[in-house]
Amino acid sequence: MAKVQKLGVIGAGLMGNGIAHVAALSGVPVVLVDIHQPALDKALSTIAKNLDRQASKGTIPAGAKEQALERITAGTNYKLFADCDLVIEAATENEEIKKKIFASLCPQLGPEALIASNTSSIPITRLGAATDRPGKFVGMHFFNPVPMMKLVEVIRGLATEEETVATVTALAETMGKTVVAAADYPAFVVNRILCPMLNEAIFALMEGVGDVRAIDAGMKLGANHPMGPLELSDFVGLDTLHSVLKVLHEGLGDPKYRPCPLLAKYVEAGWLGRKSGKGFYDYSTNPPTPTR
């Protein structure tokens, strides 16, 4: 089993900066690449702020923030990945975008370099087949917020080699994560179970079974969930939830996975949840106000 001496991360959004944060904090040098420089600037600022928060709570030792930040190199050129042992793609949940990324990435990598996708739902076998190294391709699904969430799903594609699985599993454990193995079926384990529940909550809202507050309070107080399903949908991102449900519906052919029309309407409106400032709640107020 090879050891990841240097990690690449593609995408400086919530997931990408979180993965870079945790890897650097665990002692792994990281190359963070995004096509937009402002996204990289924002990511580095977010990582620094989150490290400050951890330091203030005493969850990381003195000096750990500076050491972690020194391990992160940021840039906009895929050539920076030339000496990386593993590159984790953490771009938006769109299969065609991911395939275009792999087409640009593969020529820049060494022959033994591994690729992992942080996809939350897209089949790993299909993504791996779009690269020049399906045996060295694997799913490595982190959860948001990455510095806090302990789980990583490792998904083996049809062609994925055992050594690839062992290497990414060891890296995840080095990063302080617990690994669960998931089969290469649409949405894997967690989202296969979670997203239909969120979708059902949106159907209940659309049909007037309860309003936003009633549905969220009901699940928090009646099922002991830390967040209500509509609040959680906003946190995940309504566009991401919609994409996962479409993958489930198309991949499994079961109407129970059909995305709720109200969810599609919110996405069409650009009401994507917390990241856009409005979803099932309006985040311009404190506390957030239900939009329905």
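Me: Which residue in strand 4 is the bridge partner of Val 9?

Reply: In strand 4, Ile 88 is the bridge partner of Val 9, and it should be said at once that this is a predicted model.

Me: What makes strand 1 and strand 4 count as a pair?

Reply: Pairing asks for at least two bridges between two strands. Strand 1 and strand 4 are joined by 4 bridges, so the requirement is met and they count as a pair. The two strands run parallel.

Me: How do you know that strand 4 also pairs with strand 5?

Reply: The argument is repeated here, because strand 4 and strand 5 are joined by 4 bridges, against a requirement of at least two. These strands run parallel, with Ile 88 opposite Ala 116 in strand 5 and Glu 89 opposite Ser 117 in strand 5.

Me: Why are strand 3 and strand 8 described as standing at the edges?

Reply: The sheet is an open one of 8 strands in the order 3-2-1-4-5-6-7-8, with mixed pairing. Strand 3 (72-75) and strand 8 (178-182) each have a single partner strand, so one side of each is left without a neighbour in the sheet. On average, neighbouring strands of this sheet are turned by 25° against each other, direction ignored.

Me: What makes strand 2 and strand 3 count as a pair?

Reply: Strand 2 (residues 30-33) and strand 3 pair over 4 bridges in the parallel sense, and since at least two are needed, they therefore count as a pair. In strand 3, Gly 75 is the bridge partner of Val 33.

Me: How do you know that both faces of strand 4 are covered, and what is found for the residues of strand 5?

Reply: In strand 4, Leu 86 and Ile 88 lie on one side and Val 87 and Glu 89 on the other, and all of them are buried. In strand 5, Leu 114 and Ala 116 point one way while Ile 115 and Ser 117 point the other way, and all are buried as well. To be called buried, a residue must have under 20% relative accessible area.

Me: What term describes the angle between helix 6 and strand 6?

Reply: Helix 6 (residues 162-174) lies across several strands, among them strand 6 (137-142), to which it runs at about 25°. Angles under 35 degrees count as roughly parallel, so that term applies here.

Me: Why are helix 7 and helix 11 given the orientation term they have?

Reply: The axes of helix 7 (residues 190-206) and helix 11 (residues 261-269) come within 8 Å and cross at roughly 90°. The span from 65 to 115 degrees is called roughly perpendicular, and the two helices are therefore roughly perpendicular to each other.

Me: How do you know which residue is the polar one where helix 7 meets helix 11?

Reply: Asn 199, Ile 202, Phe 203, Leu 205 and Met 206 in helix 7 meet Pro 261, Leu 262 and Leu 263 in helix 11. These residues divide into 7 nonpolar, 1 polar and no charged. Asn is listed neither with the nonpolar nor with the charged residues, so Asn 199 is the polar one.

Me: Is Lys 99 called buried, exposed or partly exposed, and why?

Reply: Lys 99, which has its place in helix 4 (residues 95-105), has 24% relative accessibility and so counts as partly exposed, because that class lies between the 20% and 50% limits. Beyond its neighbours within four places in sequence, Lys 99 is in contact with Arg 126, Leu 127 and Ala 130.

Me: Are Ala 187 and Phe 188 buried or exposed, and what is noted about their phi values?

Reply: Ala 187 has a relative accessible area of 0% and Phe 188 one of 5%, and both values are under 20%, so both residues are buried. Phi is near 75° for Ala 187 and near 60° for Phe 188, in each case a positive value in a residue other than glycine. Ala 187 is in the loop between strand 8 and helix 7, and so is Phe 188.

Me: Where are cis peptide bonds found, and what are their omega values?

Reply: One joins Asn 144 and Pro 145, with omega about 0°, and Pro 145 is in the loop between strand 6 and strand 7. Another runs from Asn 286 to Pro 287, with omega near 5°, and Pro 287 lies in the loop between strand 9 (281-282) and strand 10 (289-290).

Conventions: Residues numbered from 1 in each chain as written. Predicted model: local features only at pLDDT ≥ 70, side-chain atom pairs only at ≥ 80, totals over all residues. Heavy atoms only, no water. Axes fitted to C-alpha atoms, helices over the stretch in contact; angles between N-to-C directions. Contact = heavy atoms within 4.5 Å. Parallel < 35°, antiparallel > 145°, perpendicular 65-115°, else oblique. Buried < 20%, exposed > 50% of the residue type's maximum accessible area, 1.4 Å probe, protein only.
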